[in-house]
Amino acid sequence: MGGVIEGVQPAEEFACYGAPDMARADPALEEILREHHPRIVVMLARLMGDRQEAEDIAGDVFSKLARSPAAIRRSDDLTAWVYRVATNAGFDALRRRSRRRRREEAAGVETLRLAAPSDALQGMLREERAGCVRAVLADLKPRDAQILLLRSSGLAYREIAQALGVAAGSVGTLLARAEAEFERRFRARYGDGI
Amino acid sequence: MKQCRSEGELRSYLDGELPAEEIASVGVHVAECAVCAAAVEALAARAQRVSALLGELSGAGASACLPVQRSRRWIATAAALAACLALAFVLLPKRTAQPVRPAPVAAGPPAVAAIPVPAVVQPSHPARPRKRPQSRKPEVQYFLALDDEPFEMGVVRRVALGPEEVLADVVFSPDGRARAIRLVNDSGN
């Protein structure tokens, strides 16, 4: 029976099946797509708090990259560049979400949300805290935000080094600095209740 | 004491991301260097706080990928080492003036110790000028476990603790953590 899955695969692996076919236009991009698309989706899901939205953004990024082979050839470290583009796309999506929410609030949609059952209030509070974290991440240098997201997504130093295009031996230093900067900015914005 | 470790090395050490031989080396250094020990503690605390905040993104609480467990174990180990040091000051007789002080760290290669302890110490000294009153049985010197986690193999390093340079044998497990300790008296046992 051809359609039966005979083995167990990590969920992330299945994300490859949803990856855009257009990446086949460039072998280098196709290679990155195969190896890094699942990790990029996990990183974006962490950032966005929504797996489906993360997959959409990653798909859009790879599709756009596949349509601009000149940009790909100009990049010295294609892998790091793809991660950077994906991270920026994630933050752009967050900004669009924020603008949409403000419009909804202005239109009174938020009032309907507040009238929802009590467990929804917990969800809203959690989402507000996550919004604070996202705001601070968006304030950081892209590489600092990336390393925090990648590490918090469970990537090993070797994988982070590959994604950032840096030596594995410098990941510890970059991570320590990014954590210090994140904490400093979080305290500056929201006080010492960290 | 070797040169202090960089922030990046200590952060990698917390995550267990250093090469195995480096983990052991950094572990030994951190155990004897107050500056680096404080830096590791500060890095671990900050990593935990940042991890908790980033955990809000998934709505699942603190992330599991940061070294909360490791840092807590390290703090417990450090506390146990400090307790042993305090015990050493109380129990060991005060040293009188000695012509030669022992080296802070044993010069010989580290020995691989089979655990469980205790280790039986054989009297391996050459003939001494002092006459012993009678033949002595080998002394059994027990290691004090620094935590209750079992381990099968480790490396024994002789270290000098504190400003008084109290000698102690410390067993490090393959992941670089100090797991057991015994104090060494002046005769070298």
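Biologist: What makes the crossing of helix H8 and helix H9 of chain A right-handed?

Modeller: The crossing of H8(A) and H9(A) is right-handed, a name given when the near helix is turned clockwise from the far one by less than a right angle, whereas anticlockwise would make a crossing left-handed. This is a predicted model, in which local features need pLDDT of at least 70 and side-chain atom pairs count only at pLDDT 80 or more, while totals for chains, interfaces and linings use all residues. Residues are numbered from 1 along each chain as its sequence is written, and chains are lettered from A and ligands numbered from 1 in the order in which they are written.

Biologist: How do you know that H8(A) and H9(A) touch, and which residues meet there?

Modeller: Two residues are in contact if their C-beta atoms, placed from the backbone, lie within 7 Å. By that rule Arg143(A), Gln146(A), Ile147(A), Leu150(A) and Arg151(A) of H8(A) meet Ile160(A), Ala163(A) and Leu164(A) of H9(A). The helices, residues 142-152 for H8(A) and 157-164 for H9(A), are DSSP runs (H or I, at least four residues; strands are E, at least two), numbered from the N terminus.

Biologist: Why are H8(A) and H10(A) called roughly perpendicular?

Modeller: H8(A) and H10(A) pack at an angle of about 105 degrees, with their axes 9 Å apart. Axes are lines fitted to C-alpha atoms, for helices over the stretch in contact, and angles run from 0 to 180 degrees between N-to-C directions. Angles of 65 to 115 degrees count as roughly perpendicular, under 35 as roughly parallel, over 145 as roughly antiparallel and the rest as oblique, and H8(A) and H10(A) are therefore roughly perpendicular to each other. Asp144(A), Ile147(A), Leu148(A) and Arg151(A) in H8(A) meet residues of H10(A) that include Leu174(A), Leu175(A) and Ala178(A).

Biologist: What makes Leu164(A) count as buried?

Modeller: A residue is buried if 20 or more other C-beta atoms, placed from the backbone, lie within 10 Å of its own, exposed if 12 or fewer, and partly exposed in between. Leu164(A) has 20 C-beta neighbours inside 10 Å, so it counts as buried. Leu164(A) is placed in helix H9 of chain A, and its C-alpha atom is separated by 4.7 Å from that of Ala80(A), 84 residues apart along the chain. Leaving aside neighbours within four places in sequence, Leu164(A) is in contact with Ala80(A), Tyr83(A), Arg143(A), Gln146(A) and Ile147(A).

Biologist: Why is Asp77(A) called partly exposed?

Modeller: Asp77(A) has 14 other C-beta atoms within 10 Å, a value in between the two cut-offs, so it is partly exposed. Asp77(A) lies in the loop between helix H4 (69-74) and helix H5 (78-107) of chain A, and its C-alpha atom and that of Ala163(A), 86 residues apart along the chain, are separated by 9.4 Å.

Biologist: What makes a group of residues a nonpolar core, and which residues have the most contacts inside the largest one?

Modeller: A nonpolar core is a set of buried Ala, Val, Leu, Ile, Met, Phe, Trp, Tyr and Cys residues joined through C-beta atoms within 7 Å. The largest has 74 residues, and those with the most contacts inside it are Leu44(A), Ala58(A), Ile147(A), Leu148(A), Ile160(A) and Val170(B). Helix H2 (residues 27-48) of chain A gives the largest share of this core, 11 residues.

Biologist: How do you know which classes of residue form the contact of H2(A) with H3(A)?

Modeller: The axes of H2(A) and H3(A), residues 51-66, come within 8 Å and cross at roughly 145 degrees. Ala, Val, Leu, Ile, Met, Phe, Trp, Tyr, Cys and Pro count as nonpolar, Asp, Glu, Lys and Arg as charged, and the others, Gly among them, as polar. Sorted in this way, the contact has 13 nonpolar, 1 polar and 3 charged residues; among those meeting are Leu44(A) from H2(A) and Ala58(A) from H3(A).

Biologist: What makes up the contact between chain A and chain B?

Modeller: The contact takes 23 residues from chain A and 21 residues from chain B. H10(A) supplies the largest share of the chain A side, 9 residues, and that side divides into 11 nonpolar, 6 polar and 6 charged residues. Chain A has 10 helices and 0 strands, whereas chain B has 4 helices and 7 strands.
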